[in-house]
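Visitor: Could you walk me through this model, one question at a time?
Guide: Gladly, let us look at it together.

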Amino acid sequence: MKERKGNVSKKWIVLLCVMVCAFLPAHTDAAPKVRLNKTKVTVKHTHKFKECRKVSPTCTEEGYVLYQCASCEATEKRDVKEALGHKAECEEIKEYPTDEANGVAESVCGRCGEVLEQKEITLQDLYTYVFRNGGVVITEFSGEYGGEIDIPDIIEGKNVIGIGSSAFEDCSGLSSVNIPESVTSIGYCAFGDCSRLSSVSIPGSVTGIGNYAFSGCSNLSSVSIAEGVTRIGDSAFYNCSGLSSINIPVV
Ligand SMILES: [Zn+2]
Ligand SMILES: [Zn+2]
């Protein structure tokens, strides 16, 4: 009898333990943690957006005004403006063509400076010319090219002796020009209204500079004229508002 009584009470204790174990973990898991999680997820508010910064569009990226919520990290782009796209300006010559070899020109974006295209060029792409007095006179320079220009001294085996009337007129991409020692004359308005042209050097081989040769070159700030020039035409530097002084050799 004693043994049976002991067994019965042991069974009750085991049962009690099982019940307690079954309830306890469920209670501790359920109560506080879930509530905490719920509060995190369910906090909602209406964003109050304030202007944060303005971003201007570039060649490749859109522009916008960025707004950020005063109470959270949320951002929103407004007034979105399309990327501007590259703006091809005149092509710059990287390698000068000669009678024997082609050169290389680069098309560069005027806004960001990125090289958009490279292509081979010949002297004939750059210059139109005539043969006169045993030499070559350049009658026109192709306005699609700019930058620093080295005028060749030989074309088709002949000396380049002259730069004709209006040959470089309105070449707005031209920034500086080197005239070779073979040239003896610069024509009327030869470099007229080259608005970006900032420097020019005229070699001693040039004896005459035509009327209005550099008129309207508003950006021209440096002109060097070598000894040998005997005639500078009327108004050769008319309306060159950036020019403060020129050294003219005394003949
Ligand atoms: Zn917010
Ligand atoms: Zn660009």
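Visitor: Which residue in β3 stands opposite Gly-63?
Guide: This is a predicted model, and β2 is a good place to begin. Strand β2 covers residues 63–69 and pairs with β3 in the antiparallel sense. Opposite Gly-63 in β3 stands Lys-81.

Visitor: And which residue of β3 is the bridge partner of Val-65?
Guide: The two strands β2 and β3 are joined by a hairpin of five residues, and five bridges hold the antiparallel pairing. Within it, the bridge partner of Val-65 is Arg-78.

Visitor: What is the order of the strands in the open sheet that three strands form?
Guide: The pairing in this sheet is antiparallel. Strands β1 (49–55) and β3 stand at the edges with a single partner strand each, so one side of each has no neighbour in the sheet. Neighbouring strands are turned by 25° against each other on average, direction ignored. The order is β1-β2-β3.

Visitor: How many of the seven residues of strand β3 are buried?
Guide: Burial takes 20 or more other C-beta atoms within 10 Å of a residue's own. Strand β3, residues 75–81, lies largely in the open, because the number of its residues that are buried is zero.

Visitor: How confident is the prediction, and what is the mean pLDDT of the chain?
Guide: A pLDDT of 70 or more is reached by 82% of the residues, and the mean for the chain is 85. Over residues 25–31, though, the pLDDT is below 50, and beyond near neighbours in sequence this stretch has zero contacts in the model. The mean you asked for is 85.

Visitor: What share of the chain's residues count as buried?
Guide: The chain holds two helices and 17 strands. Among contacts between residues at least 6 apart in sequence, 36% join residues at least 24 apart. Of the 251 residues, the share that count as buried is 22%.

Visitor: Which strands stand at the edges of the open sheet that seven strands form?
Guide: The order in this sheet is β6-β5-β4-β9-β12-β14-β16, with mixed pairing. An edge strand has a single partner strand, so one side of it is left without a neighbour in the sheet; here the edges are β6 (115–121) and β16.

Visitor: Do β9 and β12 run parallel or antiparallel, and which residue in β12 stands opposite Gly-147?
Guide: Four bridges join β9 to β12, and the two run parallel. Opposite Gly-147 in β12 stands Leu-174.

Visitor: Which strand gives the largest share of the largest nonpolar core?
Guide: This core has 40 residues, and those touching the most other members include Ile-138, Phe-168 and Phe-191. Elements giving two or more residues to the core include β7 (127–132), β8 (135–141) and β9 (145–150). With four residues, the largest share comes from β8.

Visitor: Which cysteine does Phe-191 touch, leaving out residues up to four places away in sequence?
Guide: Phe-191 is itself among the core residues that touch the most other members. Its contacts include Phe-168, Leu-197, Ala-213 and Phe-214. The cysteine it touches is Cys-217.

Visitor: Does Ser-221 count as buried, partly exposed or exposed?
Guide: Ser-221 is in the loop between β15 (208–209) and β16 (222–225). Among the residues it touches are Ser-198, Ser-199 and Gly-242. Ser-221 has 14 C-beta neighbours inside 10 Å, so it counts as partly exposed.

Visitor: How far apart in space are Ser-221 and Ser-244?
Guide: In sequence, Ser-221 and Ser-244 are 23 residues apart. From C-alpha to C-alpha, their distance in space is 7.0 Å.

How values were computed. Residues numbered from 1 in each chain as written. Chains lettered and ligands numbered in written order. Predicted model: local features only at pLDDT ≥ 70, side-chain atom pairs only at ≥ 80, totals over all residues. pLDDT = per-residue confidence, 0-100. Contact = placed C-beta atoms within 7 Å. Buried ≥ 20, exposed ≤ 12 C-beta atoms within 10 Å, placed from the backbone. Pairing = 2+ DSSP bridges. Axes fitted to C-alpha atoms, helices over the stretch in contact; angles between N-to-C directions. Core = buried A, V, L, I, M, F, W, Y, C linked by C-beta atoms within 7 Å.
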